[in-house]
Amino acid sequence: MKKAKNFRGIILVILVIALGMTVYTYSLNKGTLTPTEKNSEDEAGKLASRNLETDYPNTPRKVIEYYSQIMKCFYGEELSEEILKKLVQQTRLLYDEELLAQNPEEDALKQTKDYIEEFRENNNKITEYIIEDSKDIEYYTKDDASYAIVTTAYFTRDKSGASKTYEDYLLRKDKDGNWKILGWELTEKASEEE
């Protein structure tokens, strides 16, 4: 009999503690972002604050991985103006000088906003991406410059369903040994379909 009362007392204490923790946690989170929104904002913030002078991606695949993470934020998240500006600046740091010359800095933010708006008008969202394996990346040399072609599959969702597109990114190694994006084009990945 005495053991049953002690057992009930212990259970009651555990329930009171659990209830107290639940109320405390609820009061802390009241009015804050949901976990998904917070994770999205945190991810974009991390990408925007990465110091590419000291932490530049060291392979063509890693450059495109970082670039694709930014694209996923652009075309999948609601971003503050400040984060959007920083992410546009980050993408420009990944571009080859030749590509930068064709895309003036003063136009970059407006063009990005226009592309994002067009994407959203069609209810599109990048949901995922897959970058080809390092062993499948094509490397070549031309006129004493090193080049790489990296293929990436982007998965998008819109009001009509899901789709997949492929981008071939052309990268060139700069004078500092960093791989920079020279350009890209939409392609068909016929070999994977076979």
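This passage describes the fold, the nonpolar core, the aromatic pairs and several individual residues of a predicted model.

The chain of this predicted model holds 7 helices and 5 strands, and from the N terminus on its elements follow the order α-α-α-α-α-α-β-β-β-β-β-α. Of its 194 residues, 31% count as buried. When contacts between residues at least 6 apart in sequence are considered, 56% of them join residues at least 24 apart.

The largest nonpolar core of the chain comprises 35 residues, and Val63, Ile64, Phe74, Leu87, Leu94, Leu171 and Ile181 are those with the most contacts inside it. At least two residues of this core are supplied by each of helix 2 (35-49), helix 3, helix 4, helix 6 (105-121), strand 1 (125-131), strand 3 (145-158), strand 4 (161-173) and strand 5. The largest share, 8 residues, comes from helix 3. The surroundings of Leu171 illustrate how such a core residue is placed: with neighbours within four places in sequence left aside, Leu171 is in contact with Pro60, Val63 and Ile64, with Ser146, Tyr147, Ala148 and Val150, and also with Trp179, Lys180, Ile181 and Leu182.

Helix 3 itself deserves a closer description. Its 15 residues should span 21 Å at 1.5 Å a residue, and its end C-alpha atoms are indeed 21 Å apart, so the expected and the computed span agree. The buried residues of helix 3 are Pro60, Val63, Ile64, Tyr66, Tyr67, Ser68, Ile70, Met71, Cys73 and Phe74. An α-helix has 3.6 residues a turn, so residues three or four places apart point the same way. One of the buried residues, Tyr66, also takes part in an arrangement with a charged group, as the charged end of Arg50 sits over the ring of Tyr66, 4.7 Å from the ring centre.

The aromatic rings were examined next. A pair of aromatic rings is described by the distance of the centres and the angle of the planes. In this model the count comes to 10 aromatic pairs. One of them is formed by Tyr67 and Tyr95, a tilted pair with 6.1 Å from centre to centre and 55° between the planes. This pair links distant parts of the chain, since Tyr67 belongs to helix 3 (residues 60-74) and Tyr95 to the loop between helix 4 and helix 5, 28 residues apart. Both Tyr67 and Tyr95 are buried. Tyr67 also pairs with Trp184, and because the ring centres are 5.9 Å apart and the planes stand at 45°, between the limits of 30 and 60 degrees, this pair too is tilted. Since Tyr67 lies in helix 3 and Trp184 in strand 5, the pair ties together parts that are 117 residues apart in sequence. The two partners fall into separate classes of accessibility: Tyr67 is buried because its relative accessible area of 3% is under 20%, whereas Trp184, at 38%, counts as partly exposed because this value lies between 20% and 50%. Ring pairs join Tyr67, Tyr95, Tyr169 and Trp184 into a cluster.

Asp96 is located in the loop between helix 4 (81-93) and helix 5 (97-102). Although aspartate carries a polar side chain, as its contact with Arg172 shows, Asp96 counts as buried, with a relative accessibility of 6%. The side chains of Asp96 and Arg172 make a polar contact at 2.6 Å. When residues up to four places away in sequence are not counted, Asp96 touches Arg172, Lys180, Ile181 and Leu182.

Two further aspartates occupy the loop between strand 2 (138-142) and strand 3, namely Asp143 and Asp144. Most residues other than glycine have a negative phi, and most peptide bonds are trans. Asp143, however, has a positive phi near 50°, and the phi of Asp144 is likewise positive, near 65°. Asp143 is exposed because its relative accessible area, 71%, is over 50%, and Asp144 is exposed as well, with a value of 80%.

Finally, Thr187 lies in strand 5 (residues 179-187) and is partly exposed, with a relative accessible area of 23%. Apart from neighbours within four places in sequence, Thr187 is in contact with Tyr166, Glu167 and Asp168. The C-alpha atoms of Thr187 and Thr152, which are 35 residues apart along the chain, are separated by 9.7 Å.

Terms used
Residues numbered from 1 in each chain as written. Predicted model: local features only at pLDDT ≥ 70, side-chain atom pairs only at ≥ 80, totals over all residues. Heavy atoms only, no water. Helix = DSSP H or I, 4+ residues; strand = E, 2+ residues; numbered from the N terminus. Buried < 20%, exposed > 50% of the residue type's maximum accessible area, 1.4 Å probe, protein only. Contact = heavy atoms within 4.5 Å. Polar contact = N/O pair within 3.5 Å; in protein donor to acceptor, adjacent residues only side chain to side chain. Phe/Tyr/Trp six-rings, centres within 6.5 Å; stacked < 30°, edge-to-face > 60°. Lys NZ or Arg CZ within 6 Å of the ring centre and 35° of its normal. Expected span 1.5 Å × (residues − 1). Core = buried A, V, L, I, M, F, W, Y, C linked by side-chain atoms within 4.5 Å.
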